[in-house]
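Reader: I'd like to learn how to read enclosed voids in a protein model. Can you walk me through one?

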Amino acid sequence: MFTGDMIEIMSTTQKYCPRLTDGEILKILFGGDGMSAFKAIIAQRARADSFCDEDKLQGLIAKPEDWHEGVITLQDIFTQFYKAASARQKGTLYNLREVFDRRGVRASAKDAVNDNREFIKFVTHGYVVLAIMEVLGLDEFDGLPVGMSSQQDTMVDKQNYLQTAVSAVVDRFVFPNGVLPSDSGKQHPDQADFKHNYICAFMREGLLDIARLDAVKEGDGERIIRHWRYDFLHFHVYNHPNYRLLTFRMIAQIFALLTPRMAARMMHNRTVNVHGGLGRNISLDLFLEFLNKDVKNDLKRSGPNLTTQLLERIGRSKQVMDELIHFFDQEVELFTGIGRHSTPNWSGEVSQMVEDLKDENFFQIHQGRAFPTFPGFQLSKVHALDRRKLETWVAQQLNLLHSSQK
């Protein structure tokens, strides 16, 4: 998409911005994937020397949405951990894909988002169980933890015991000392256990992906933005300059530049609940993808009669037509099954994974170990972060934001 195309799109969208009696434009959010949000910023910069706010496209505030951002982070997980050469290396992501016959999993995350994410969740569950077994001193999947009797007095005692065990897993294997494992720098090959690093790093990324998706399902804007703040460093290290810029701008807007009302909209207006029920929200951009799919099907049915006028008519009538079809289905009591998806039962596969990998002792340190396909694997890429370079970039972006506010 060229800048001129985005200017035309934004000019058309801006017509729907509410206005005060004196003609002043009330700003609204302009959400989209990373590329769309970045192009919107470029379009506004291209119009920066115009005479009025309307010509400057100031009625729209670019907002990156969450589903496409999640696909980017999911792809980074597969880029880092998923390699076909590791198929025979027990415990690696590709090896587990072959063992459990997950044929829908692809190296390109955007081509199999649901299958890849479900696979990440399954493997993470298995490694969390192995980590818990290490912390509690269990030799078997269904064993009794050391120091815990089979008859706890109260449910509170059990909850406290579980909380202590989970905290130990997080402190030892996920975020040592409460931070990313970056302070010690790059580890020496003779002193490090790179298999342990690989497993712990994957478990951390898997848990973060699960938590990120859960925040969206619950519509919890504060948690969603917290993940964006963490991902700011991720985008810097993994060389995603556009998302790094968008994340920086969004954080600055929420916590400094926008009015409290608009900042609250930016933080909390990020999900939609289509079918109702608790924990069933989806990202706005994912919902838009569903709408786009429906519209494209309507356009295909138009055949050679497709015109600009017809395209506009289909777009304007989309919501009304959906409501009419919904009410008709209710009247005839048509069963569609929409919104009912079975939850996979992984208990058997997780048990098998634990049984296969428990003797590998991945959560114990054995110096000099490494997967041949992942030699020298570090706990986190943050150890390679050039702090001075990042600070210089942040200072430059602050100056640009400051000048744009004048």
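Author: Let's go through the cavities here. This is a predicted model, where local features need pLDDT of at least 70, side-chain atom pairs count only at pLDDT 80 or more, and totals for chains, interfaces and linings use all residues. Residues are numbered from 1 along each chain as its sequence is written, and side-chain values use heavy atoms, with hydrogens and water left out.

Reader: What counts as a cavity, and how many of 30 Å³ or more does the search find?

Author: On a 1 Å grid over the protein atoms alone, a cavity is a set of points where a 1.4 Å probe fits but cannot get out; lining residues have an atom within 4 Å of a point. Points are joined across faces, edges and corners, and volume is the space filled by probe spheres set on them. Searching the whole structure gives 4 such cavities, and the largest has a volume of about 120 Å³.

Reader: Which residues lie nearest the centre of the largest cavity?

Author: Tyr230, His234, Tyr238, Ser380 and Val382, out of 12 lining residues. Helices H7 (194–217) and H8 (221–237) are the elements giving two or more residues to that lining (helices are DSSP runs of H or I, at least four residues, numbered from the N terminus). H8 gives the most, with 4 residues.

Reader: And what lines the second largest cavity?

Author: That cavity, about 60 Å³ in volume, has a lining that includes Thr73, Glu205, Arg212, Tyr230 and His234. H7 contributes the largest share, 4 residues, while helix H3 (66–81), H7 and H8 each supply at least two.

Technical notes:
1 Å grid on protein atoms, 1.4 Å probe; cavity = no way out; pocket = protein on both sides within 12 Å on 5 of 7 lines; lining within 4 Å.
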